[in-house]
Amino acid sequence: MPLVQTNMLLKHAAQNNYGVAAVNACNYDAIHWIITAAQRERIPVIVMVPPSFNARIPIRFLARMAKEMAGQSEVPVAVHLDHSRGYKIAVEGIRDGFPSIMVDGSALPYEENVALTARVVETAAVFGVDVEGEIGHVGQGAKLEDIIDADRYTTVEQAVDFAKRTGCNSLAIAVGNAHGVYIRRPHLDFERIRAIRSSLEIPLVLHGGSGIPDEQLQEAVLSGISKFNLFTEFDQAVYNAMRSGMLAVDETEPKGAYYRHLLPYLDEPVVEFLRGRLRLLNPKRITV
């Protein structure tokens, strides 16, 4: 199955009422786990890389690796650069070979966000690269006001205006979701999601998918969200698998444990965690 464009996946998801998980990957193992889970569930997936990973590994390496591994997958896989906070970072992502990028101008005044996103869309179109934009305030789950203050949410009017003026291919919206660990149980605004969905033709994106109750994630799928960003829970799942794996290695390698001994203990727990997330976002059990 060849590497596919993100927006093609999202349009298929919107037409068939499932959500595409978009999971951040920082190395070969993470990419392998994400694609393996998707193949076992027979459902598309998106491998994401945030620019912040550049501090650990040049993200152009991750882009190349993810695209090559996606090209060998049995199910459709897209590769996406997450949260480019500025024109320079977004264009560097295009240069580095990402077929899809997200430009996040949501912290800017609205008109500046429109101008930034439109400029990135214009540049990306030359290279056939998809662009995800964002409006509203998707803040931090540790800040209560970012979760409950409806004045920070995306409005229908803004969404329509933003999509028209920027030409973005998909749109991340704020509807009670936030990044990181939630300080309290979030409550997504499903009426708002449905209203925005019915007013736009482009796919909708939900950031901060980790920590949202399962029933709300499924309702979000059925209300019209097509892409779900997941990282915090995935990161925690890997860490927990490492802790358990270390205990197991200590028992099986009495002469001395090495990093390579740990790796086999991570595969199944992490893949099974991801499979559970993929099933949750696929309530109608669509397969490809």
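**Warm-up**

Across which strands does helix α3 lie, and at what angle does α3 run to β3? Helix α3 (residues 59-71) lies across β2 and β3, and runs at about 160° to β3. Angles run from 0 to 180 degrees between N-to-C directions, with axes as lines fitted to C-alpha atoms, for helices over the stretch in contact. Helices (H or I, at least four residues) and strands (E, at least two) are DSSP runs, numbered from the N terminus.

Before you go on: this is a predicted model, in which local features need pLDDT of at least 70 and side-chain atom pairs count only at pLDDT 80 or more, while totals for chains, interfaces and linings use all residues. Residues are numbered from 1 along each chain as its sequence is written, and side-chain values use heavy atoms, with hydrogens and water left out.

**Exercise 1. Trace the barrel.**

Find the order of the strands, then look at how β2 meets its neighbours.

Step 1. Eight strands close into a barrel, in the order β1-β2-β3-β4-β5-β6-β7-β8, with parallel pairing. Two strands pair if DSSP finds at least two bridges between them. On average, neighbouring strands of this sheet are turned by 25° against each other, direction ignored.

Step 2. Now take β2 (residues 45-49): five bridges join this strand to β3, and the two run parallel. Look for V49, whose bridge partner in β3 is L81.

Step 3. Add a helix: α2 packs on the sheet and touches β1, β2 and β3 (contact means heavy atoms within 4.5 Å). The direction of α2 makes about 165° with that of β2.

**Exercise 2. Describe a helix pair.**

Work out how α9 and α12 are set against each other.

Step 1. Two packed helices are described by the angle between their axes and the distance between the axes.

Step 2. Helix α9 (residues 214-223) and helix α12 (residues 264-280) pack at about 50°, with axes 9 Å apart. The two helices are therefore oblique to each other; angles under 35 degrees count as roughly parallel, over 145 as roughly antiparallel, 65 to 115 as roughly perpendicular and the rest as oblique.

Step 3. D214, L217 and Q218 of α9 make the contact with R277, R279 and L280 of α12. By class, this contact has two nonpolar, one polar and three charged residues. Ala, Val, Leu, Ile, Met, Phe, Trp, Tyr, Cys and Pro count as nonpolar, Asp, Glu, Lys and Arg as charged, and the others, Gly among them, as polar.

**Exercise 3. Explore the spaces.**

Locate the two largest pockets and the cavity, and say what lines them.

Step 1. On a 1 Å grid over the protein atoms alone, a cavity is a set of points where a 1.4 Å probe fits but cannot get out, a pocket is an open set with protein on both sides within 12 Å along at least five of seven lines, and lining residues have an atom within 4 Å of a point. Grid points are joined across faces, edges and corners, and a volume is the space filled by probe spheres set on the points.

Step 2. The largest pocket holds about 490 Å³. Of its 30 lining residues, D82, H83, R85, Q140 and H179 are the closest to its centre. The lining divides into nine nonpolar, 16 polar and five charged residues.

Step 3. The second largest pocket holds about 340 Å³. Of the 19 residues lining this pocket, C26, N27, W33, V238 and M242 are the closest to its centre. Helix α10 gives the most to this lining, with five residues.

Step 4. The structure holds one cavity of 30 Å³ or more. The largest cavity has a volume of about 40 Å³, and R277 is among its lining residues. Its lining has nine nonpolar, no polar and one charged residues.
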